[in-house]
Amino acid sequence: MEANKEPGNVSSNSSNDKEKSSEEIFVNHAEIAWQEMRKKWVGDPSNRTSEMPDEPVIGFNATYEDLLTSNTPFNKPIPLAEMVDFLFDIWHGDGLFE
């Protein structure tokens, strides 16, 4: 039987594990790559404003069908908060949110 497998040598095994863990530091390369891709997608946070624009991109009387049947692009990008509010109102009106 090997000496380091015996219960009496548990303390020596844990000290060896501590030495190994201090020498080997885990680096999550997938997370680093994901964070870099996210930075490219999200952009520079200092350039963003947290306020919604004064003039909404989607008209007040716009319908879901208007958005789906139109091939013309919007004049400017639709903020996520505005699109969520629009979809929530439509779905709530259809009884999908109670």
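Leu96 has a relative accessible area of 60%, and it is therefore classed as exposed, the cut-off for that class being over 50%. The model in which this residue is seen is a predicted one. Along the chain, Leu96 lies in the segment that follows helix 4 (80-93). On the surface, Leu96 joins Tyr64, Leu68 and Trp91 in forming a nonpolar patch of about 410 Å².

The wider architecture gives this patch its setting. The chain contains four helices and zero strands, so that, as the definition of these elements applies to DSSP runs, its order read from the N terminus is α-α-α-α. Of the 98 residues in the chain, 5% are buried, a class that requires under 20% relative accessible area. The accessible surface of the chain amounts to about 9200 Å², and carbon and sulfur atoms account for 56% of that surface.

From the surface as a whole, attention may turn to one of its pockets. The second largest pocket has a volume of about 210 Å³. Its lining consists of 11 residues, and those nearest the pocket centre are Ile58, Gly59, Phe60, Phe86 and Asp89. By residue class, the lining of this second largest pocket comprises seven nonpolar residues, three charged residues and one polar residue.

How values were computed:
Residues are numbered from 1 along each chain as its sequence is written. This is a predicted model: local features need pLDDT of at least 70, side-chain atom pairs count only at pLDDT 80 or more; totals for chains, interfaces and linings use all residues. Side-chain values use heavy atoms; hydrogens and water are left out. On a 1 Å grid over the protein atoms alone, a cavity is a set of points where a 1.4 Å probe fits but cannot get out, and a pocket is an open set with protein on both sides within 12 Å along at least five of seven lines; lining residues have an atom within 4 Å of a point. Grid points are joined across faces, edges and corners, and a volume is the space filled by probe spheres set on the points. Ala, Val, Leu, Ile, Met, Phe, Trp, Tyr, Cys and Pro count as nonpolar, Asp, Glu, Lys and Arg as charged, and the others, Gly among them, as polar. Helices (H or I, at least four residues) and strands (E, at least two) are DSSP runs, numbered from the N terminus. Buried means under 20% relative accessible area, exposed over 50%, partly exposed in between (1.4 Å probe, protein chains only). Accessible areas come from the Shrake-Rupley method with a 1.4 Å probe; for residues, only the protein chains shown count as cover. Patches are made of residues with over 30% relative accessible area and no salt bridge: like charges are joined within 9 Å, nonpolar side chains (Val, Leu, Ile, Met, Phe, Trp, Tyr) within 5 Å. A salt bridge is a side-chain nitrogen of Lys or Arg within 4 Å of a carboxyl oxygen of Asp or Glu.
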